[in-house]
Amino acid sequence: MRSALGDDHVRAESDTTRYFPDGEDGRITNCYVEDPDNGKTITVDLHWSSEAERTASAIKHQFLTTVGGPAVPMGRGWPGTVVSDEGLYGGVELGCRDKKGESLLVSTFAFDDLLDPENPDEGRGAFARVTSGIAKNAAEKYDCDTQTGGDVKKIAPNPLRNPIPITQAEGTCSAVAKLDLKRRNLESVTEAPADPTSPAEDCYLRNAEGDPVYRLTALYGSFAKSVRYKSSSFELHDSLGAGEDSGADAKTHRAYGNARCPGGLDTGLYTLSGLSRSTQNEPSLKVPDPAFERAALKAFAQQSAKRHGCTGLQTP
């Protein structure tokens, strides 16, 4: 904490409302650490997965049909991710082998003032170290027999700052990049490194003007469950009906699929959404291309599911 906040003079306080307004249902504890000299803070929230309801919101992935900060894996074997989206959001889910069907969820948040504008990636790495370190300590304190990762030294740069040509895609967008994207006027991608332990993956496909046109997302564990079954804000699920394993809507340029996953990951959720240039819900895409959209979702989901050891993939 001291390293991430950049000061030895820090204080910790309990707080159940500061940055996590979802209530206290299932919460184990909540606190924030503050550097009183500069006002920088890091907030920590702990839940048991069986009682958490809005897990995806902790990493800003409750809305999958809009542009958001792409998830970046913590790496080093940690089942965690960091999202930069008007702040820093960290999430780790540790499956407890001694508690059947239960896992420990660790969420962290910090404002962007935690980052040095001249070297933001160093601060993002420090934030990831804080999150993973807290997860390790929490597992010991709350008797969660689990597999933790190694020491996190750094994480990948913020993908939003580094769109790349489609031909250079080698991470979360690499499978989709093999499709005929030129036909759809798609020329660049926003992606993160592909990691088999990350609970969230994103891939954005951009047009020649650099605008994001499609978003593909994969979620695992409680992050997937909270969107697939809990969130009434998930437009795909609402429009296609509860209980379906896969579906597509050519009019709204949306599609989703599922797979069965091991090691407490439960069900993997895979989505594709057409994006709008404005705040309106209607995608900016005018010409339906359901064949391409289904192919893109299938390619993305197959690669992600295989990476995470999931089987029985169903896509539209």
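Trainee: What is the pairing of the bonded cysteines of the chain, numbered in sequence order?

Mentor: In this predicted model, the bonded cysteines pair as 1-2, 3-4, 5-6. There are 3 disulfides in the structure.

Trainee: What makes Cys96 and Cys144 a disulfide?

Mentor: Their sulfur atoms are 2.0 Å apart. The cut-off is 2.5 Å, so the pair qualifies. The torsion about the S-S bond is -105°, and the link is left-handed. Cys96 sits in the loop between S6 and S7, and Cys144 in the loop between H2 and strand S8 (164–165), so the disulfide ties together parts that are 48 residues apart in sequence. Both Cys96 and Cys144 are buried.

Trainee: Why is the disulfide of Cys173 and Cys203 called right-handed?

Mentor: Because the torsion about its S-S bond is about 120°. The sulfur atoms of Cys173 and Cys203 are 2.0 Å apart. Cys173 belongs to the loop between S8 and strand S9 (186–191) and Cys203 to strand S10 (residues 200–207), so this disulfide links distant parts of the chain, 30 residues apart.

Trainee: How do you know that Cys173 is buried?

Mentor: Its relative accessible area is 0%. Buried means under 20%, so Cys173 meets the criterion. Cys203 also counts as buried, at 0% relative accessibility.

Trainee: What makes Cys261 and Cys310 a disulfide?

Mentor: Their sulfur atoms are 2.1 Å apart, and the requirement is within 2.5 Å. The value about the S-S bond is 110°, and the link is right-handed. Cys261 is in strand S13 (residues 254–261), whereas Cys310 is in the loop between helix H5 (290–307) and strand S15 (311–314), so parts 49 residues apart in sequence are tied together. The relative accessible area is 12% for Cys261, which is buried, and 10% for Cys310, also buried.

Trainee: Why is Cys31 called partly exposed?

Mentor: Cys31 has a relative accessible area of 25%. Partly exposed covers the range between the 20% and 50% limits, so Cys31 belongs there.

Trainee: What makes Asp289 and Arg183 a salt bridge?

Mentor: The closest N and O atoms of Asp289 and Arg183 are 3.3 Å apart. The limit is 4 Å, so the contact counts. The pair links distant parts of the chain, 106 residues apart: Asp289 in the loop between strand S14 (266–274) and H5, and Arg183 in the loop between S8 and S9. Asp289 counts as buried at 10% relative accessibility, while Arg183 counts as exposed at 54%. Asp180, Arg183, Arg184 and Asp289 are linked in a network of salt bridges. The structure holds 10 salt bridges.

Trainee: How do you know that the salt bridge of Arg307 with Glu201 is one?

Mentor: The closest N and O atoms are 2.9 Å apart, and the limit is 4 Å. Arg307 is in helix H5 and Glu201 in strand S10, so parts 106 residues apart in sequence are tied together. Glu201 is buried, with a relative accessible area of 2%.

Trainee: What makes S1 and S4 the edges of the sheet?

Mentor: The open sheet of 7 strands has the order S1-S2-S3-S7-S6-S5-S4, with antiparallel pairing. Strand S1 (11–14) and strand S4 (71–73) each have a single partner strand, so one side of each lacks a neighbour in the sheet. The twist averages 20° from one strand to the next.

Trainee: How do you know that S6 and S7 pair?

Mentor: They are joined by 8 bridges in the antiparallel sense. At least two bridges are needed, so S6 and S7 are a pair. Tyr89 has Phe109 in S7 as its bridge partner.

Trainee: Why is strand S6 described as largely enclosed?

Mentor: Because 7 of the 8 residues of S6 (residues 88–95) are buried. S6 also pairs antiparallel with strand S5 (residues 80–84) over 5 bridges, with Gly80 opposite Val92 in S6. S5 and S6 form a hairpin with 3 residues between them, and Glu86 in the turn has a positive phi of about 55°.

Note on methods: Residues numbered from 1 in each chain as written. Predicted model: local features only at pLDDT ≥ 70, side-chain atom pairs only at ≥ 80, totals over all residues. Heavy atoms only, no water. Helix = DSSP H or I, 4+ residues; strand = E, 2+ residues; numbered from the N terminus. Axes fitted to C-alpha atoms, helices over the stretch in contact; angles between N-to-C directions. Buried < 20%, exposed > 50% of the residue type's maximum accessible area, 1.4 Å probe, protein only. Salt bridge = Lys/Arg side-chain N within 4 Å of Asp/Glu carboxyl O.
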